[in-house]
Amino acid sequence: MEVEKAVELALSLGAEYAEVRCEELLRAEITASERVDVSARSTGGFGVRVLVNGSWGFASVNSREDLGWAVEKAVRLARIGEGRVRLAKVGPVRDRVKSKMKIKPSEVSLDEKVEAVKELLNALPEASRKVVKYSDFSGFKRLVTSEGTEIEWELEGISFEVDLAVSSNGRSAWLFELTGSVERGFEAVEDITGKILGGIKGQLDCFLRGRRPKLRDVPVLLSPYFAGMIAHEALGHLAEADELPNTPLAGKLGERVAPDLVSLSDGNVEDGHGNDRYDDEGVPVRKVEILKDGVFSEPLVDRERAFELGVEPNGRARAESYAFEPMVRMRNTYFEPGDWTFEELLAEVRRGYYLVRPGPGQTGLDSSFTVGILEGYTIENGEVAGPIFGATASGRALDALPGIRGLGKELDFENSYCGKGQVVRVSMGGPHVLFERGIMVV
């Protein structure tokens, strides 16, 4: 059955709205450690979502032959519910989105990919165990809706992950770097691997020479990566409309929740891992000013939540693949820059900490966070001093925002992933941010 016929079938069975998303991808994975393992596989299928009497129904299948069955199942599931779902109006879109990559992974031989992985592995410092993982995907996805939207995307992406197990003087640690791109291909491998090696070098220096932190209640200067973690994990999730009722931002749209020097945004950025022209409901992606001059200005929404909250759709319905229903997700979340140089921010700190690379941690919908510090340093008299090791940073982001003294001029981002029942590609970042209070390092 053709996708268009599947949409027509859903309407004939009583759906007031129907969409079909299809996807075909070729994925390659290379893992290098003591040996090199290579795999390639093809994935794809169809996801059907229908709205019947205000309730959603969803089903997915792997083959075109089962598409009619998926439509019938989605309609049956929707009829079970007694929902009140209504969708914000959007205009139909017909478009084809092409990849921006100059050298796509589909155009690169497997031997060349293996060689790039081996070069990165050999360039890593000595460790008791070191692993390099590379993956890429190439293909397309397509969306057809009963409202006349037809969009096809050319999909390309690459990622590198490095894990090192190190030990020295009776202590041990895992060092970790992960990055990827959906807009830069093999033309950027040298730059990507260079950044990975730089990150590992900083982490290793802190592991080998770092000492436990002793200062308490002192200013903390965050790198763009560390600030981005707080922007995404401790603040951004609070503004996702499906989470919003359970967060401190509930009912505060249009109210001041931070000082006027603090602005938080989510949108397309240069080489953003969450960049896209449209979301998985066919809504154009635009910049969202979550916090504007300290005021909670706009939540992240899909069409359903946009109608509920009375706001314009902003392109935040995302699905991990055809096999998942779209849900509200961030894209590239960041603090807006200020007007300080890095040297000026450093000069404000007589004694404190400079936190560069966050590690594993926990966050809560009250904006609380506790996160390991993979790379961090003390600050003495306005200069970066000795490294720290085995430390954590914690606080409650909304309570810490009034403690911001200044924000840097330059933006930088970390390309990563976010799991919220589904895994999607995101970036997080910002400028350097100086907190005079509100973040505890122990």
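These legends accompany several close-up views of a predicted model.

**View 1. Tyr17 and Trp56 meet as an aromatic pair.** Let us begin with the rings. There are six aromatic pairs in the model. In the one formed by Tyr17 and Trp56, the ring centres are 6.2 Å apart and the planes make an angle of 80°, an edge-to-face arrangement. Tyr17 belongs to strand E1 (residues 17-32) and Trp56 to strand E3 (residues 55-61), so this pair ties together parts that lie 39 residues apart in sequence. Tyr17 is buried, with a relative accessible area of 3%. Tyr17 also has a charged partner: Arg303 lies over the face of its ring, 5.7 Å from the ring centre.

**View 2. Phe342 and Tyr354 form a tilted pair.** Here the ring centres are 5.5 Å apart, and the pair counts as tilted because the planes stand at 50°. Phe342 sits in helix H7 (residues 342-347), while Tyr354 sits in strand E15 (residues 351-363), so the pair connects parts 12 residues apart in sequence. The two residues are worth viewing one at a time. Phe342 is partly exposed, at 25% relative accessibility, whereas Tyr354 is buried, with a relative accessible area of 11%. For another set of rings, turn to Tyr134, Phe160 and Phe186, which ring pairs link into a cluster.

**View 3. Trp153 lies beneath the charged end of Lys141.** The distance from that charged end to the centre of the Trp153 ring is 4.7 Å. Trp153 is part of strand E6 and is buried, at 3% relative accessibility. Beyond its neighbours within four places in sequence, Trp153 is in contact with Val97, Gly139, Phe140, Lys141, Arg142, Leu143, Asp276, Tyr278 and Asp279. One of these partners, Val97, is 56 residues away in sequence, yet the C-alpha atoms of Val97 and Trp153 are 4.6 Å apart.

**View 4. Helix H3 has a buried side and a face turned away from it.** H3 (residues 110-123) contains 14 residues and spans 20 Å from first to last C-alpha, close to the 20 Å expected at 1.5 Å a residue. Its buried residues are Lys113, Val114, Ala116, Val117, Leu120 and Leu121. Looking down the axis of H3, these buried residues fall within an arc of 160°, so they line one face of the helix. On the face turned away from the buried side are the exposed residues Asp111, Glu119 and Asn122. The cover over the buried residues of H3 includes strands E1, E2 (36-52), E5 (129-145) and E6 (150-168), along with helix H4 (189-209).

**View 5. Helix H5 supplies the largest share of the largest nonpolar core.** This core has 45 residues, and those with the most contacts inside it are Leu222, Ile230, Leu291, Phe335, Leu355, Leu401 and Ile439. Seven residues of the core come from H5 (residues 224-235). H5 is mostly covered, with 11 of its 12 residues buried; among them are Pro224, Tyr225, Phe226, Met229, Ile230, His232 and Leu235. Take a moment over Ile230: setting aside residues up to four places away in sequence, Ile230 touches Leu222, Leu235, Phe335, Phe369, Ala397 and Ile439.

**View 6. A second nonpolar core stands separate from the largest one.** This core has 27 residues, including Ala32, Val114, Phe160 and Phe389. Two of these names have come up already: Val114 is one of the buried residues of H3, and Phe160 belongs to the ring cluster with Tyr134 and Phe186.

Key. Residues numbered from 1 in each chain as written. Predicted model: local features only at pLDDT ≥ 70, side-chain atom pairs only at ≥ 80, totals over all residues. Heavy atoms only, no water. Phe/Tyr/Trp six-rings, centres within 6.5 Å; stacked < 30°, edge-to-face > 60°. Helix = DSSP H or I, 4+ residues; strand = E, 2+ residues; numbered from the N terminus. Buried < 20%, exposed > 50% of the residue type's maximum accessible area, 1.4 Å probe, protein only. Lys NZ or Arg CZ within 6 Å of the ring centre and 35° of its normal. Expected span 1.5 Å × (residues − 1). Arc of directions from axis to C-beta. Contact = heavy atoms within 4.5 Å. Core = buried A, V, L, I, M, F, W, Y, C linked by side-chain atoms within 4.5 Å.
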